[in-house]
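Here are some short exercises on a protein model. Try each task before you read its solution.

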Amino acid sequence: MSTIARLPDLEDTRIAVIGLGYVGLPLAVEFARVRPTVGFDINEARIASLCAGHDATGEVEAAKLKAARHLSYTSRLDDLAECNVYIVSVPTPIDMHRQPDLTPLIRASETVGKVIARGDVVIYESTVYPGATEDDCLPVVERVSGLRLNHDFYAGYSPERINPGDKARPLPKIMKVTSGSTPEAADLIDRLYNEIITAGTFKAASIRVAEASKVIENTQRDVNIALINELSMVFSRLGIDTNEVLDAAATKWNFTRYTPGLVGGHCIGVDPYYLVHKSMAAGHIPDIIRQSREINDGMPRHTANRLVREMARKGLPVGGARVLMLGLTFKENCPDIRNTKVVDLVCSLEDFGMRVDICDPWADAEEVRAEFGRDIVMDLPAGRAYDVVIAAVAHDRFTAAGAGALRALHREGGLLFDMKAAFPRAESDLRL
C-alpha cells in the first residue's frame, strides 16, 4: 500500500492558472509577483495577445502585464510539467434551457488530470453549486490521472470575486474565501492566497461551504434587484418615478439602495440558476430565487413595453421607428458582453417593428458580430436621425456628454429614455 503523498511546502509551490479570462489573468499576474507562474489557455489568439502585452478584457493594464516578469503564457500542456498547484478559473455558463453547463469545467479538470502528479494541489475558482467540485470535477481528475484525492493529490475551492471594470477594488483588495479537501490542504491554500490578498482571507469550514457562500452572494443581489424591478413596474403604472421613490427611501439609515434595470453579466444573471438546479435536485423548489430570475429575465420585455406606451402617449409611430441604443456591454465602462440583456431589449424592440442601431465605445465590434451577429458603431453619430435614443449603459463617455448632447441625436418630438437614471428627471423623457 502506497504512502499518503506529502503536500508541497509553501516556498516550493509553482502556480499554473488554467483559464486566462476576467478571473484567471489578474490572478496569474498577482501570483507572478511572488513566484514563477504559468498562465494556460486553450485560446491561442488570447495567448498571442497576452504575449504581445495586450489584455482585451481591460482588467490588467499593459504596464502591469509588462511588469509581470515571472509570468509566462502557454496553450501547451507540456509547459505545465514543472507546476504543482493548478488553479482552475474557467467560465460556468448556463445552456439554452437555463441549466448549468459544466462543460468548460469538466474539460479543465481533464486538462489538470493529464498533468497533475503525486503531492500536487488543484484549486477551483469557478462559481458552481455546492458539491460540484467534489462530485463533478475531482472524479474527472482522478479518472484521467489515475490518482486518488487526499491520498495522491489534494484539492481546494476559493471562489472568485472579480468585479469586471472595477478599478477601485482590484483582486488584492477583495477578501478571499478559501477551503481545502483536508485541514492541511486548507491551511496551505489559505497561506498561498494570503501572499497576494492584502485584504485577507477567510478559511471556510469545507469546500461545500465555500461553494455555497459564493453562489448566494450573487443570488442575494439578484433577489434584491428583482424586488426593485417589480416595484418599478408597479410605480410606472401609478405614474410615479421609481428613482425619486428610492431617493426618499434611502434617507432611512437601514434602507439598502438598489436600482431597477437589466441584470446581465456572467454572475448575477447566471449563478442563481446553479443554486436553483441543485435545490430542485435535492427536492426543494426555491420559489423566491426562481421567481426573482423570472422577473429579471423579463425586464427587457417590460422595458420595451414601457417605451411603446410612452411613444403612443407622445404620438410617435412605433412600427418603423428609428432607435439608437447607447451601450451594449452588461455594465458601464467595461468591454464584457457576456449575457448582456441589452441584446434582448434590442430584439424586443425589433419585434415591435423598430429599427435599432447600437453604439458602444467599449465593446469589441468583432466579438459582438461573432456572438450576436450584429454590427455596432464606436462613436456617437451626428445629426437628429432617431425617433428614440436609449441610454442603456451608463458609460462615462455617454454621461459626460450630457443629456443635451444625447437629446440632440433624436428628431424634434422624439424622446430620450434614460434607463440608468444618469441624468435628472427633467432632462429625460422616460426612466425605469
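The exercises below deal with a predicted model.

**Exercise 1. The core**

Find the residues with the most contacts inside the largest nonpolar core, and list the contacts of valine 88.

Solution.
- Start with the core. The largest nonpolar core has 37 residues.
- Pick out its best-connected members. Tyr86, Val88, Val122 and Tyr124 have the most contacts inside it.
- Now take valine 88, leaving aside neighbours within four places in sequence. Its contacts are Ile18, Leu105, Ala108, Val112, Val122, Ile123, Tyr124, Glu125 and Ser126.

**Exercise 2. The open sheet**

Work out the strand order of the five-stranded open sheet and name its edge strands.

Solution.
- Read the order: E10-E9-E11-E12-E13, with parallel pairing.
- Look at the ends. Strand E10 (355-359) and strand E13 (430-431) each pair on one side only, and these are the edge strands.
- Zoom in on one pair. Strand E9 (residues 322-326) joins E10 through five bridges in the parallel sense.
- Check a facing position. Opposite leucine 326 stands cysteine 359 in E10.

**Exercise 3. A salt bridge across the chain**

Locate arginine 35 and glutamate 195, and decide whether each is buried, exposed or partly exposed.

Solution.
- Confirm the link. The two side chains, arginine 35 and glutamate 195, form a salt bridge at 2.7 Å, N to O.
- Place the partners. Arginine 35 sits in the loop between helix H1 (24-31) and strand E2 (37-40), while glutamate 195 sits in the loop between helix H6 (183-194) and strand E8 (201-203). They are 160 residues apart.
- Apply the cut-off. Buried means under 20% relative accessible area. Arginine 35 has 7%, so it counts as buried.
- Glutamate 195 has 29%, so it is partly exposed.

**Exercise 4. A salt bridge between strands**

Which parts of the chain does the salt bridge between aspartate 387 and arginine 411 tie together?

Solution.
- Confirm the link. The side chains of aspartate 387 and arginine 411 meet at 3.0 Å, N to O.
- Place each residue. Aspartate 387 lies in strand E11 (residues 386-391) and arginine 411 in strand E12 (residues 410-418), so the bridge ties together parts 24 residues apart in sequence.
- Compare burial. Aspartate 387 is buried at 12% relative accessible area, whereas arginine 411 is partly exposed at 33%.

**Exercise 5. The surface patch**

Name the residues of the nonpolar patch that includes Ile240, and place isoleucine 240 in the chain.

Solution.
- List the patch. Val234, Leu238 and Ile240 together have about 260 Å² of accessible area.
- Place isoleucine 240. The loop between helix H7 (207-238) and helix H8 (242-249) holds it.
- Judge its exposure. Isoleucine 240 has 38% relative accessibility, so it counts as partly exposed.

Notes
Residues numbered from 1 in each chain as written. Predicted model: local features only at pLDDT ≥ 70, side-chain atom pairs only at ≥ 80, totals over all residues. Heavy atoms only, no water. Core = buried A, V, L, I, M, F, W, Y, C linked by side-chain atoms within 4.5 Å. Buried < 20%, exposed > 50% of the residue type's maximum accessible area, 1.4 Å probe, protein only. Contact = heavy atoms within 4.5 Å. Patch = residues over 30% accessible without salt bridge, like charges linked within 9 Å, V, L, I, M, F, W, Y side chains within 5 Å. Areas by Shrake-Rupley, 256 points an atom, 1.4 Å probe, with all protein chains shown as cover. Salt bridge = Lys/Arg side-chain N within 4 Å of Asp/Glu carboxyl O. Helix = DSSP H or I, 4+ residues; strand = E, 2+ residues; numbered from the N terminus. Pairing = 2+ DSSP bridges.
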